[in-house]
Amino acid sequence: MSEIKPYDQADGKKEQVRNMFDRIAFRYDFLNRLLSLGIDVGWRKKTVRTVQSDRPFTILDVATGTADLALMLARRIPQARITGVDLSPEMLERGRKKIRKREIANIAALIEADAEALPFPRESFDAVTVGFGVRNFGNIPAGLDEMYRILKPGGHVYVLEFALPEGKIFGSLFLFYFRRLLPFIGGVVSGERKAYRYLQRSVGDFPYGERFSGLLAQAGFCRVTQQLFTRGIAILYRAEKPHENKV
């Protein structure tokens, strides 16, 4: 896989991604709703329902950003204890403000941390969630290895990520919007055109579908499934850590 980065700079991908999200944090939630026409909310709700069906008690939300997914999990699974991690301090601060405003008690903390070096002991969580964050990892296999490490045996990982839909008419219309209109609108509203050009390029570069399911299997996960949303614009991957750990 090639390394797609937001800026034409010598810094590594992780440093550039942190910088990018710090810059767009003030418009991130608004642009998510605008650019997806609110459909992303439904995708997260479906993800939360899938997580809820497995009844986890401790959940780690990786690449939590402004805590949208963590907040949904907290409301729908009130018995769970939820922790969020992200590289961007500005995104985390906006997430903390939302948590304080809504007085959510079961979100333990939002922590600045690297998904490829999580600050938790092995077998700490029943579930790991990631909403549109895996493609921003500097090293995807390393991030999946970390999720495997901190999951308890029998625990599950849920990865919600973009894909490129198939179909001559729908696929063509989506690609026109995604490659032409979305970067323009996002860039104008946020003032960060490179950030939204990176968004569409990173989706095209991401190994979605069977390739990503294969990476989950290589990390040691079993029972990998895919659920397509909105004709394949997004995919929810669910996988289990076996009771016998990989060698």
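Biologist: Let's start small. Where is the place of Glu 103?
Modeller: Glu 103 sits in the loop between α4 and β3. Those labels belong to DSSP runs, helices (H or I, at least four residues) and strands (E, at least two), numbered from the N terminus. This is a predicted model, so local features need pLDDT of at least 70 and side-chain atom pairs count only at pLDDT 80 or more, while totals for chains, interfaces and linings use all residues. Residues are numbered from 1 along each chain as its sequence is written, and side-chain values use heavy atoms, with hydrogens and water left out.

Biologist: Is Glu 103 buried or exposed?
Modeller: Buried means under 20% relative accessible area, exposed over 50%, and partly exposed in between (1.4 Å probe, protein chains only). Glu 103, at 69% relative accessibility, therefore counts as exposed.

Biologist: What about the backbone: what is phi of Glu 103 near?
Modeller: Most residues other than glycine have a negative phi. Glu 103 has a positive one, near 55°. Arg 55 also has a positive phi, near 55°. Arg 55 is in the loop between α2 and β1, and at 65% relative accessibility it counts as exposed.

Biologist: On to the sheet. How many strands does the open sheet have, and in which order?
Modeller: Two strands pair if DSSP finds at least two bridges between them. Here seven strands form an open sheet in the order β3-β2-β1-β4-β5-β7-β6, with mixed pairing. At its edges are β3 (107–112) and β6 (222–229), each pairing on one side only. From one strand to the next, the twist averages 15°.

Biologist: How do β1 and β2 run, parallel or antiparallel?
Modeller: Strand β1 (residues 58–62) and strand β2 (residues 81–86) run parallel, joined by five bridges. For one pair to look up, take Leu 60, whose bridge partner in β2 is Thr 83.

Biologist: And which way do β6 and β7 run, parallel or antiparallel?
Modeller: β6 and strand β7 (residues 234–240) are antiparallel, with six bridges between them. Phe 229 has Ala 234 as its bridge partner in β7. The hairpin of β6 and β7 has four residues between the strands, and there Thr 230 takes a positive phi near 50°.

Biologist: How do I read the way two helices cross? At what angle do α1 and α2 do it?
Modeller: You compare axes, which are lines fitted to C-alpha atoms, for helices over the stretch in contact; angles run from 0 to 180 degrees between N-to-C directions. The axes of helix α1 (residues 13–36) and helix α2 (residues 39–53) come within 7 Å and cross at roughly 100°. Angles under 35 degrees count as roughly parallel, over 145 as roughly antiparallel, 65 to 115 as roughly perpendicular and the rest as oblique. So α1 and α2 are roughly perpendicular to each other.

Biologist: Which residues meet there?
Modeller: Contact means heavy atoms within 4.5 Å. From α1, Asn 32, Arg 33 and Ser 36 meet Ile 39, Asp 40, Val 41 and Arg 44 of α2. They divide into two nonpolar, two polar and three charged; Ala, Val, Leu, Ile, Met, Phe, Trp, Tyr, Cys and Pro count as nonpolar, Asp, Glu, Lys and Arg as charged, and the others, Gly among them, as polar.

Biologist: How many residues of helix α3 are buried?
Modeller: Seven of the nine residues of α3 (residues 68–76) are, so the helix is largely enclosed by the rest of the structure. Among the buried ones are Asp 68, Leu 71 and Met 72.

Biologist: Last feature: what joins the side chains of Asn 136 and Tyr 198?
Modeller: A polar contact of 2.6 Å. The term means a pair of N or O atoms within 3.5 Å; within protein, one must be able to donate a hydrogen and the other to accept it, and residues adjacent in sequence count only if both atoms are side-chain atoms. Asn 136 lies in the loop between β4 (125–131) and α5 (140–150) and is buried, with a relative accessible area of 8%. Leaving aside neighbours within four places in sequence, Asn 136 is in contact with Lys 13, Val 17, Phe 21 and Tyr 198.

Biologist: And what does the side chain of Asp 114 reach?
Modeller: The backbone nitrogen of Glu 116, at 2.9 Å. Asp 114 lies in the loop between β3 and β4.
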